Amino acid sequence: MMDTKTYLYNTLSKKIEEFVPVEPGKVSMYTCGPTVYHYAHIGNLRSYIMEDVLEKYLRFVGYDVKRVMNITDVGHLTSDGDTGEDKMLAGARREHKSVMDIARYYTDAFMEDCRKLAIKRPDVVEPATNCIDDFIHMIEVLLEKGYAYVAGDNVYFDTSRLAHYYVLSAQKEEELQVGVREDVEEDKNKKNKTDFVLWFTRSKFADQELKWESPWGLGYPGWHIECSSISLKHLGERLDIHCGGVDNIFPHHTNEIAQSEAYTGHKWCNYWFHINHLNTKNGKMSKSSGEFLTVSLLEEKGYDPMVYRLFCLLSHYRKPLEFSWEALDNVAAAYEKLMRRLKKLTEEGEAEPEGAAEFEKKFAGALGDDLNTSSAITVLYDMLKSDLPDAAKRKLAARFDEVLSLGLTRAFEEEAVDSELAAYVEERIEERRLAKKEKNFARADEIREELAAKGIVLEDTREGTLWSVKQG
């Protein structure tokens, strides 16, 4: 284990706390996965990027991390108030396919987006439809304990049995409308307006495509029971970290706490890690408003997915982040400049000189300060500006990229392949520098034009002349 402490903002306590796992040296981590009825937009993917950085940072400092993620392929309705149709059914109707065809296609699409963004696949990825028996068992236990009831042939969780239902969201009952919004039809079967469905039957949605036999009739699970049951199945009854977007805080994560602690009889999760929204100038990004921004669209417009990952890492995960093409262009320019700087590093010098360990400590310290990715990137730049030998800079950049995952080592791979070209370009750059020093600007311009003809682009900066190979 690295000798560093980790501090995270805990939504449960509403403050930054030192992270101390249940079992020393090990971390159990749960991520709310996608509802696979459509492509993920880049706002969705901001959450997965930051969760990925958190997991990789914990591994970086020495923890043995097990991360579990669900895939919601049934039960997620279009309303928070247990009304509206299943999102999966809506997707199937939109594309005239079966629900399972839709689920398979968009699960694969989501995983491909994660691959492009260098998001590590969780240790366990569990579709909800794999766990129907687990859901039924958990619901049976909640009924036996008196935390659930049957009404209208559906099974509901009774929130009145809890003294602190709003423990995560800090809301007050009188401030809430039915199902959070005024336009949601009230479910007359509920004893309390905050009660939520654990199991739907044919009495609720007769046209649901996916149904299973249960003690309460042919039906399907509610959305909230999925994450609790899948987490308990793979990570046990005491969870270290639960992740998700801020829009999951209420009601989804609030309901997870309610049913999980009712089931186990004790506190379930110690740290809640929530990522704020990605917004446009018109407000929160969503699939139903404005331009549908996906990773594929970014690529079509010529952006490396790593540019979007860097765009996210330059902002703190708890702050809203506003997307614009101009902002992305600025990050793209910064990323290209960073890669050019890395390409100039040679393998000369000592790889682990005195002072190198101090940069690694500062990097871990920045991330240990409530996952301050912007500060961690500043450490990267400070290290590159330092007087460490190139070999040490290459090694530290690769080490930092175990967490940042910005594809930094691609610069070294390209350097190795194009070593002859690099030597040639550096010679011409030095010749151009001397020409300018002697005020022979005509020769300096000739060298720039000669290199441009070979597809080499020069950029003069305060730190010297950087070069890159023109794309396309």
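## A tour from helix α1 outward

Select helix α1 first: α1 lies across β3, β4, β10 (239-245) and β11, running at about 160° to β4. Helices (H or I, at least four residues) and strands (E, at least two) are DSSP runs numbered from the N terminus. Axes are lines fitted to C-alpha atoms, for helices over the stretch in contact, with angles from 0 to 180 degrees between N-to-C directions. The model is predicted: local features need pLDDT of at least 70, side-chain atom pairs count only at pLDDT 80 or more, and totals for chains, interfaces and linings use all residues. Residues are numbered from 1 along each chain as its sequence is written, and side-chain values use heavy atoms, with hydrogens and water left out.

**The sheet beneath α1**

Next, display the open sheet of five strands, whose order is β5-β4-β3-β10-β11 with parallel pairing. Two strands pair if DSSP finds at least two bridges between them. At the edges are β5 (124-127) and β11 (269-275), each pairing on one side only. On average, neighbouring strands of this sheet are turned by 20° against each other, direction ignored. Within the sheet, select strand β3 (residues 26-31) and strand β4 (residues 64-71), which run parallel and are joined by six bridges. K26 stands opposite D64 in β4.

**Helices packed on α1**

Two packed helices are described by the angle between their axes and the distance between the axes. Add helix α12 (residues 390-404) to α1 (residues 42-60): their axes come within 7 Å and cross at roughly 135°. This crossing makes α1 oblique to α12, since angles under 35 degrees count as roughly parallel, over 145 as roughly antiparallel, 65 to 115 as roughly perpendicular and the rest as oblique. V53, K56, Y57 and F60 of α1 meet R399, E402 and V403 of α12 in the contact, where contact means heavy atoms within 4.5 Å. By class, this contact has four nonpolar, no polar and three charged residues. Ala, Val, Leu, Ile, Met, Phe, Trp, Tyr, Cys and Pro count as nonpolar, Asp, Glu, Lys and Arg as charged, and the others, Gly among them, as polar.

Now replace α12 with helix α8 (residues 305-313), whose axis comes within 10 Å of that of α1, with a crossing of roughly 75°. Here α1 is therefore roughly perpendicular to α8. On the α8 side, select Y308, R309, C312 and L313; the α1 residues in the contact include I42, R46, I49 and M50. The contact divides into seven nonpolar, one polar and four charged residues.

**Two smaller selections of strands**

Strand β1 (residues 7-10) and strand β2 (residues 15-18) pair in the antiparallel sense over four bridges, with Y9 opposite I16 in β2. They form a hairpin with four residues between them, and K14 in the turn has a positive phi of about 65°.

Then select the three strands that form an open sheet in the order β13-β12-β14, with mixed pairing. Its edge strands are β13 (283-284) and β14 (321-322). Two bridges join β12 (residues 278-280) to β13 in an antiparallel arrangement, and T280 stands opposite G283 in β13.

**A cavity to finish**

The second largest cavity has a volume of about 100 Å³. To centre the view on this cavity, select L77, S79, D82, W223 and H224, the closest to its centre of the 12 lining residues. Both β8 (196-201) and α5 (223-235) give two or more residues to the lining. A cavity is a set of points on a 1 Å grid over the protein atoms alone where a 1.4 Å probe fits but cannot get out, and lining residues have an atom within 4 Å of a point. Volume is the space filled by probe spheres set on the points, which are joined across faces, edges and corners.

Terms used: 1 Å grid on protein atoms, 1.4 Å probe; cavity = no way out; pocket = protein on both sides within 12 Å on 5 of 7 lines; lining within 4 Å.
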